Structures are given as structure tokens and as C-alpha cells.
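Me: I should like to go through the reasoning behind several labels given to this structure. Please set each value against its criterion.

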Amino acid sequence: MWTTPSNGDSFVNMDCSKNVVTIMPSVEMLVSFSHDTMRAKKPCLLYAERMDFKEMMQLRLAEKADQRRMYITTVDCTSFHELKQDQCLNVTFAGFMDNVVRMLRDCQSGKLELHLAAREPNGTDYQLQFVEIRSFKNLIHLCLPCRSAPLNTVLYYINLMLDASHKKCFLLEESIQQVQLELSSQRAHMDRLGAENSKLREALAENTQRLEEQHSAELQQMQEQLSKVNEQRSSELERNRRSISSIQTQLEKANADKCDTKIALEQAEQRTQALSDELASCKSRMCSLKEQNDKLHSDKVNAKKHERKLEYKIEDLKQHTAELQEHIQRGNKEKANVAAELEAEKKILHTKRQALEMASEEIAKANQIILKQNQEILGHRKTIGWRTEVALQQEKAIQEKEKLLSLRENELREARITIKELREEIPHQLLSMRQFANTLEKKYSSQILTLKERLSGTCTGKENRR
């Protein structure tokens, strides 16, 4: 049988801690202990290490409840050859280490089990067995000799663990100090932010009050101006209505005058027909009345010239009446654009336009009366143009004031929107900062508690050992 090597604690005695390499991270697993007739499963910590530049491997088991109970298995080159002959292994030392690591992982996953059996009832030598549990018979894959670690090795590894824990505690204390500094800086930053937020709120309140006062004053001014403009507009509309009624009466008078001129023209035509009959009858008297005929001929030529002059004047009057109609149509359109309330009067104006067109056709026949009325129409045209210009100026002033009102309303809306956004964002930022501070406090408070527990555990362990 293969026996444990004489240098079982060579990992401790040799000053070669730098050459020790872990082939598997430390693992907690259940190990079944069989001593006499008693069997029990206990949680143990397993450490697997090898010596660099040397064919040597060591497995170390320590009970989790009491790490003073430590069991060591050491395999070097000579012990490996004995083990190879006893258990018929077909691998090299490197393959042996790989297979041991694989079986340890299988034990961790539950495919295999680790058994630690005592060779003698009260002895220190054990066998570490890799057992596969089967229904018919358990199969032992590998059996390694093991022995309980002496006191110096146990103290050595416990000292290593204590050194590592001290280093971790030192690093954790440094991290705790850094975290406390960060927390203090964050609290100061939070205080600054709170002061800035309070200042911002005060500034916002002041700005909102000032803006509301300014906008209320501006709105009152605009309302007063609008009331004045409406009053002026109503007075001008009444004046326009009065002028339209006066123009209508004048047009009625002109129509009556046109009827009289028509009657006079008919009478004149009748007279001309009578004269033409008389001329036909007097042709026989042409010879005796040559002197009278010459006079009549000259009178006729003069009459024709006068008629031509009258025709030219009638054409000029027609052009003037057409221009007047165009200006009247433009004035009516501008009035419809200025005042939407005059829509009911459009029909009356339409009838007046028709009456004016009929009057223009009849005026073409009237000669002398239209010359007198032309001056009156020109005067009315000037008054209408003046009134349309005044109405256009008032419309422009009203449009500019409406634009100013819309701009003021937009500024008010934008200011209210910004105030709402600031009111919504400030509490969200404060909540997020508070949550972040709470999470940091919880995190580092839990770490501090765990460190305190570990330190208290290590201190109680030292006191028990003493």
C-alpha cells in the first residue's frame, strides 16, 4: 500500500510561498466522515494547491465549524509512482492533477462524493476516497492517503487566513473612509443644491408676480384702447350710414331729373319731326327762300358742331361714370373687409349699384343736367375716398394692436410653461438625490455591519485560542 510521504507539511516548512499555485479555487462541499461505526456528513472547505517548478500537489480539508480540524493529502513524484502501481493509474503526474480537479468538480456538482475514512480507531491516518454512489455497489474511483494536520500547520494556515482578513479589513476601512468623505461631499453638495433651489424658487415667485402685474396692467390698457377703438368704429359706421342715406336721396332726385329730361327730349324729337315735315313742304319754296335756306344751313352746321361737342362730352361723362362705379365697388369691398357687421347692407349696396348702372345708361342720354351733377359726384367721390382712407388706417391700427395682444399672450403662455416645468423638475431632482443618498447609506451601512461582525468573530476566535 502507498503511504504518506515524510515531507507531508513541506508546503509549510519550505520558504517557497511564492511558488504555491492554486489549481482550483477554494470550495465548500459536504464530506462524509466514517470513524468506527459512526458516519456523518460535515461541510468542509477544500483547498487544492501545487508547487510550481516541482511535481507536488496538496489537498487540504478543513471543517467549516472548527477549522482546527484540518486534513492534508500531499502527493509528490515518489508517492505518485507508488500510487500508480497500487491503483493501476495510466496517466502522468500532470494528467493525474487534471483528473483530480475534474473529480473534485464532480463532487461539487453531486456526481461523486468525498469520503474520509479512518484507518485506525484512534489514529491520525485517513483515506480520502472519490466515491460514485450506485444502486448495487458504490464505486471508488481514487483513494488518496490523508492525515490530520499537526498544530503548527494548522496555525500556519490560520495565520495566513488572518493576514488575508486583516488586509481585507484594512482595504475595507480605507474604502469606508473614502465613502464617508464622498457622503460628506455629497451632503454638502445637496445642501448647496437645496439653497440654490430655494433661491430659484424665490426668484421664480418674484418673476411670476412681476410678470402677472405687468401683464394685468398691459391687458387693462389694451382693453381700454379696444373699447375706444370700438366706440370710434361705431361712430364712423353711423356716419357712413348717414352719408349713404344722403347719397341715396340724391340719386332719387337725379332719377327724377332724368325722367324730366327724357320727356323734354321726346318733345324735342317731335318738334324735329314736325320741322322735317315743314322742310319737305317748303322745298318748293327753295328758290324763293335761298337766303333763308343759307341761314338755316349755317344754323344746321352750327347745330351739328354743337351736337358733336355734346357727344364728346357725353363720352367723357360715360368714362367718368365708369370710373366712379369702379371706385364705388372698391369702397364697398374695403367696407366689407373693415366691418363684418355690414354684411346685411351688401344687398342694399348691390341694389344701389344696379340703380347707378341704370342711372349711368340714362345719364348718357342726359346732356346738360349731368354736367351740373358731375361736380356734385366729384365732391362725393372725394368724401368717400377720404372716409375709406380713414377706415383703412383704423383697420391697420386694429390689426397691429391684435398682433401685440397675440404676442403678449404667447409670452404669457411660454412663461407659464417654463414655470410649470421648473416646478415639476425640481421635486424630481430632489427625490432622485434623496434616493441616491439612501441607497449609498444602505449599501455602506450593510458593508460596515458585515465588517464589524467579521472583526468581532476574528477577535472572539483569537481570545478562544489564547
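**Salt bridges, burial and pairing**

Reply: In this predicted model, Glu-49 and Arg-60 are joined through their side chains by a salt bridge, with an N to O distance of 3.5 Å.

Me: What makes the contact of Glu-49 and Arg-60 a salt bridge?

Reply: The criterion is a side-chain nitrogen of Lys or Arg within 4 Å of a carboxyl oxygen of Asp or Glu. The N to O distance between Arg-60 and Glu-49 is 3.5 Å, so the pair qualifies as a salt bridge. Glu-49 belongs to strand β2 and Arg-60 to strand β3, and the pair therefore ties together parts 11 residues apart in sequence.

Me: Are Glu-49 and Arg-60 buried or exposed, and how do you know?

Reply: Buried means under 20% relative accessible area. Glu-49 has 12% and is therefore buried; Arg-60, at 7%, is buried as well.

Me: Why is the pair Glu-28 and Lys-64 called a salt bridge?

Reply: The closest N and O atoms of Glu-28 and Lys-64 are 3.0 Å apart, and the limit is 4 Å, so the term applies. Glu-28 lies in strand β1 (residues 20–35) and Lys-64 in the loop between β3 and β4, so this pair ties together parts that are 36 residues apart in sequence.

Me: Why is Glu-28 called partly exposed?

Reply: The relative accessible area of Glu-28 is 42%. Partly exposed covers the range between under 20% and over 50%, so Glu-28 falls in that class. Lys-64, with 42%, is likewise partly exposed.

Me: What makes Lys-41 exposed?

Reply: The class begins over 50%, and Lys-41 has 52% relative accessibility, so Lys-41 counts as exposed. Lys-41 forms a salt bridge with Glu-113, their closest N and O atoms being 3.5 Å apart.

Me: How do you know that β3 and β4 pair?

Reply: Pairing requires at least two bridges between strands. Strand β3 (residues 56–63) and β4 have seven bridges, in the antiparallel sense, so they pair. Among the bridge partners are Leu-59 and, in β4, Thr-73.

Me: What makes β4 count as paired with β7?

Reply: Two bridges join β4 to strand β7 (residues 139–148), and at least two are needed, so the antiparallel strands pair. Tyr-71 stands opposite Ser-148 in β7.

Me: Why is β4 called mostly covered?

Reply: Seven of the seven residues of β4 (residues 70–76) are buried. Buried means under 20% relative accessible area, so each of these residues lies under that cut-off.

Definitions and conventions:
Residues are numbered from 1 along each chain as its sequence is written. This is a predicted model: local features need pLDDT of at least 70, side-chain atom pairs count only at pLDDT 80 or more; totals for chains, interfaces and linings use all residues. Side-chain values use heavy atoms; hydrogens and water are left out. Buried means under 20% relative accessible area, exposed over 50%, partly exposed in between (1.4 Å probe, protein chains only). Helices (H or I, at least four residues) and strands (E, at least two) are DSSP runs, numbered from the N terminus.
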